[in-house]
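Hello,

Here is the structure I promised to pass on. Please load it before reading further; my notes follow below.

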Amino acid sequence: MRDRPVVLARYRRCVAVRGVVAVVMVGAIHCVQLSFVGLAWGWQNTRVVAAHRYLGVCCRSLFPGRVAEIPKTSSAYRQLQLLFKRQGRVQAQRFIAEGAKFLSMCPRTIFVRKSRWLQSSDRIEELLAAGGEEGPAALAAAAPLLWGPKSLRDDGGVTDPPGIGVLADEVFDDITTQEASQGVICVFPMPEQQGMRTWATGKRAVVLDAVQDSVNIGVILRTMEAFEADTLISLKGTTDLYNPKVVRCSMGAVVRGGLKLLVAKDAAQLKQMLRGYKVFATSLSGDLQPQDLVNHLSGRDAFVFGNEARGVSKEVLDVADAKLRIRIAPQVDSLNVGVSVGIVLHAIGG
């Protein structure tokens, strides 16, 4: 009987320990449950915020109400498809530029790959709002363009914020011309032709006769901007100067609008456009070399470059006042036309 109090005390301690363990276990389970509830709520909240951001209705958006999802069956998508073709660009008076670089050049409308938009919509809106790389073309009014969705409306004014169309990844990939696209397509207005003087302006002009490579033409435009040549005239057979690949390779020269881009249907019209200019045409039979040009310039000079395979056509050569030859090694058939333009414009200096 004397051991009974000891056994009872041990029993009470055992019960107390078990009670504490039970309380701790219940508390731990409750905490885990609360954690899962919190995670679920946080995920749901993140999805709601992302959805609001995607639709452009989040209070932080710089362009509220200007964002719309564009399905493949929409009129906006069909209009965008047309801008990849010359006739569609002429009818809409718009052209496209692919790449994030063009976001800071004040586009009127942009189309973004959905995954790119969800990942970096803040940065895209910041670049659109900041601008800073646009040229004179950004300040020019343009004809309105109906996209369909109200959020993409383009009234042609320069004060309207840009519309933003979000395309599903597979839809964007179907329409882009780039293999490694940055997920951004910008839409810009073409310069107004009405009332525009249809002849060359500035102290120097470049003429392209049946030059077809888009990359070369883009490089030529970039080179012209660098060496302050003001007008580019394209003759029959030359790739459209607003072709998406030309625009991209010009690195903004087309978009900024500092260059006057003209089209001559034949040699007679070219001669009219170059009234008052001294015309130099590149030819294998030319007497002048680039280093000699400085002594023959008139102050208003035009330089004609032809297709790499065939050179300048006879009809266009007849318009020239002088022929220019760039000497190369005898084993080389011809120079890249973009390189040729760079050599000549560099030789005549500023």
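At 14% relative accessibility, A210 counts as buried, because the cut-off for that label is under 20%. Bear in mind that this is a predicted model.

**Backbone outliers**

A210 deserves a second look for its backbone too. Its phi is near 60°, a positive value in a residue other than glycine. A210 sits in the loop that links β6 (204-209) to α6 (214-226).

M251 also has a positive phi, about 55°, and it is not a glycine either. You will find M251 in the loop between α7 (244-249) and α8 (253-256). Is M251 buried, partly exposed or exposed? Its relative accessibility is 33%, so M251 counts as partly exposed.

One further positive phi belongs to E228, which follows α6. The value there is near 60°.

**Helix α6**

Does the length of α6 agree with what its residue count predicts, or disagree? The helix has 13 residues, and at 1.5 Å a residue they should span 18 Å. The C-alpha atoms at its ends are 19 Å apart, which agrees. The expected figure is 18 Å because the rise is multiplied by one less than the number of residues.

At the start of α6 there is a side-chain to backbone contact. A side-chain oxygen of D213 comes to within 3.0 Å of the backbone nitrogen of V215.

Which residues of α6 are buried? They are S214, N216, I217, G218, I220, L221, T223 and M224. Several elements cover these buried residues, among them β6, β7 (231-234) and β8 (260-263). The helices α7, α8 and α11 (337-348) also take part in that cover.

**Strand β3**

β3 covers residues 109-113. The strand is mostly covered, with four of its five residues buried.

β3 has β4 and β5 as partners. β4 (residues 163-167) runs parallel to β3, and five bridges join the two. Within that pairing, R113 has L167 of β4 as its bridge partner. β5 (residues 184-189) runs antiparallel to β3, with four bridges between them. On that side, V112 stands opposite V184 of β5.

When you view the strands, one general point may help. In a regular strand, side chains alternate between the two faces of the sheet.

Over to you.

Best regards

Key: Residues are numbered from 1 along each chain as its sequence is written. This is a predicted model: local features need pLDDT of at least 70, side-chain atom pairs count only at pLDDT 80 or more; totals for chains, interfaces and linings use all residues. Side-chain values use heavy atoms; hydrogens and water are left out. Buried means under 20% relative accessible area, exposed over 50%, partly exposed in between (1.4 Å probe, protein chains only). Two strands pair if DSSP finds at least two bridges between them. Contact means heavy atoms within 4.5 Å. A polar contact is a pair of N or O atoms within 3.5 Å; within protein, one must be able to donate a hydrogen and the other to accept it, and residues adjacent in sequence count only if both atoms are side-chain atoms.
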